[in-house]
Amino acid sequence: MLNTDNIASPLTTDLNFSDNYPQPVLALRSESLPHAEETPWHQHQKGQLVLPLTGVVTSFINDKMWLVPPRCAIWIPSMVVHRNQISPHADVCMLLVDQSALVMPDTVCTLTVTPLLRELAMHLATLALDYEAGSATDRLATVFLDQLAALEKEEFDFPIPDDPILNRLALALLANPSEKRTLSEWAGDFAMSERTLARMVKRHVQLTFGQWRGHLHIVLALQKLAINTPVQTISEELGYESVSAFITFFKKSLGKSPRQYRVERWGN
């Protein structure tokens with residue numbers, strides 16, 4: 001449960017209540033639940049930082065899906081319509097932030113969370129929401145905002161177009177990322193030519209089909225690396241013929257091996 005009596009759960013409660021609080025940071029924390037939970041579509045004046053402590057958060061925003069593992073967080077700017085899906089047994093901090101109090105991106109992004117920011121978020125979530133200006137809680141909130149503005153960006157987004165055909169294709173790729181079917185085979189499923197489907201993907205996603213599927217593999221690989229999944233396992237789950245083939249793909253995409261990336265971003 002959350003640290004305040006007037007909220008039942010961050011997953012079922014409209015967070016618009018946060019706009020009634022003048023405090024620069026409001027911190028909430030959910031109790032680990034045995035089943036997946038999902039918020040309805042909503043928006044609020046305060047920006048939102050969703051920080052999973054355990055488990056994975058999936059955020060749906062505009063025409064993209066964002067996968068957010070532990071050690072990372074998603075920044076959702078003010079008034080952006082979104083919904084969040086939280087995996088079973090997840091423990092999540094949600095922080096509502098007055099954007100006038102700091103400089104943050106005006107578009108959705110994922111961020112690498114430092115141990116200090118994580119601890120600050122957890123501690124703030126134990127304190128009352130209606131703290132006074134100049135109080136100890138207010139000073140902690142200021143430190144939190146300073147740390148938040150300095151976080152590094154990550155790339156955990158996967159485009160999911162609204163077009164019915166491409167939406168079905170995107171969800172099929174997500175459901176089975178190791179799928180090796182060609183664009184021509186997918187086009188046959190949709191009773192269209194390969195050229196027509198290729199043009200649709202390029203127009204709606206601004207990527208070729210191969211780049212789009214490759215981007216999904218990078219997003220999923222980063223998500224799994226963040227929770228210390230072995231590289232061998234990631235390679236197998238994404239359908240690569242060998243670990244070396246996966247490492248070559250990853251290095252070509254991000255300029256470093258999976259292990260190098262994990263060490264530089266998360267320290268192990």
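## Exercises on a predicted model

**Exercise 1. Identify the residues with the most contacts inside the largest nonpolar core, and the helix that gives the most to this core.**

In this predicted model, the largest nonpolar core comprises 56 residues, and those with the most contacts inside it are Ile74, Leu169, Leu197, Trp212 and Phe250. Turning to secondary structure, helix H6, which spans residues 209–226, gives the most to this core, with 10 residues. Apart from this core lies another one, of 27 residues, which includes Leu49, Leu120, Met122 and Phe144. As background, nonpolar side chains in soluble globular proteins tend to be buried together.

**Exercise 2. List what Phe250 touches, leaving aside residues up to four places away in sequence.**

With that exclusion applied, one set of partners of Phe250 consists of Ile218, Ala221, Leu222 and Leu225, and the list continues with Gly255, Lys256, Ser257, Pro258 and Tyr261. Of the residues named here, Phe250 itself is among those with the most contacts inside the largest nonpolar core.

**Exercise 3. Determine which residues of helix H1 are buried, and name elements that cover them.**

Helix H1 runs over residues 115–124, and its buried residues are Leu117, Leu120, Ala121, Met122 and Leu124. The elements covering these buried residues include strand S1 (25–29), strand S3, strand S8 (91–97) and helix H2 (136–149). Leu120 and Met122 also appear among the members of the core of 27 residues.

**Exercise 4. Locate Thr39, state whether its environment is buried or exposed, and find the backbone nitrogen that lies 2.7 Å from its side chain.**

Thr39 sits in the loop between strand S2 (37–38) and strand S3 (47–54). Its relative accessible area is 4%, and because the cut-off for buried is under 20%, Thr39 counts as buried. A polar atom of the Thr39 side chain lies 2.7 Å from the backbone nitrogen of Asn84.

**Exercise 5. Explain why Cys72 and Cys109 are not joined by a disulfide.**

A search of the whole structure finds 0 disulfides. For Cys72, the nearest cysteine sulfur is that of Cys109, at 11 Å. Seen from Cys109, the closest cysteine sulfur is in Cys72, and the 11 Å between them is too far for a bond, because a disulfide requires sulfur atoms within 2.5 Å. Cys72 is buried at 0% relative accessibility, and Cys109 is buried as well, with a relative accessible area of 6%.

**Exercise 6. State the mean pLDDT of the protein, and find where the pLDDT is below 50.**

The mean pLDDT is 88, and 94% of the residues reach 70 or more. Over residues 1–12, however, the pLDDT is below 50, although this stretch has 34 contacts in the model beyond near neighbours in sequence. Where pLDDT is low, the predicted coordinates should not be read in detail.

Terms used. Residues are numbered from 1 along each chain as its sequence is written. This is a predicted model: local features need pLDDT of at least 70, side-chain atom pairs count only at pLDDT 80 or more; totals for chains, interfaces and linings use all residues. Side-chain values use heavy atoms; hydrogens and water are left out. A nonpolar core is a set of buried Ala, Val, Leu, Ile, Met, Phe, Trp, Tyr and Cys residues joined through side-chain atoms within 4.5 Å. Buried means under 20% relative accessible area, exposed over 50%, partly exposed in between (1.4 Å probe, protein chains only). Helices (H or I, at least four residues) and strands (E, at least two) are DSSP runs, numbered from the N terminus. Contact means heavy atoms within 4.5 Å. pLDDT is the predictor's confidence in each residue, from 0 to 100. A polar contact is a pair of N or O atoms within 3.5 Å; within protein, one must be able to donate a hydrogen and the other to accept it, and residues adjacent in sequence count only if both atoms are side-chain atoms.
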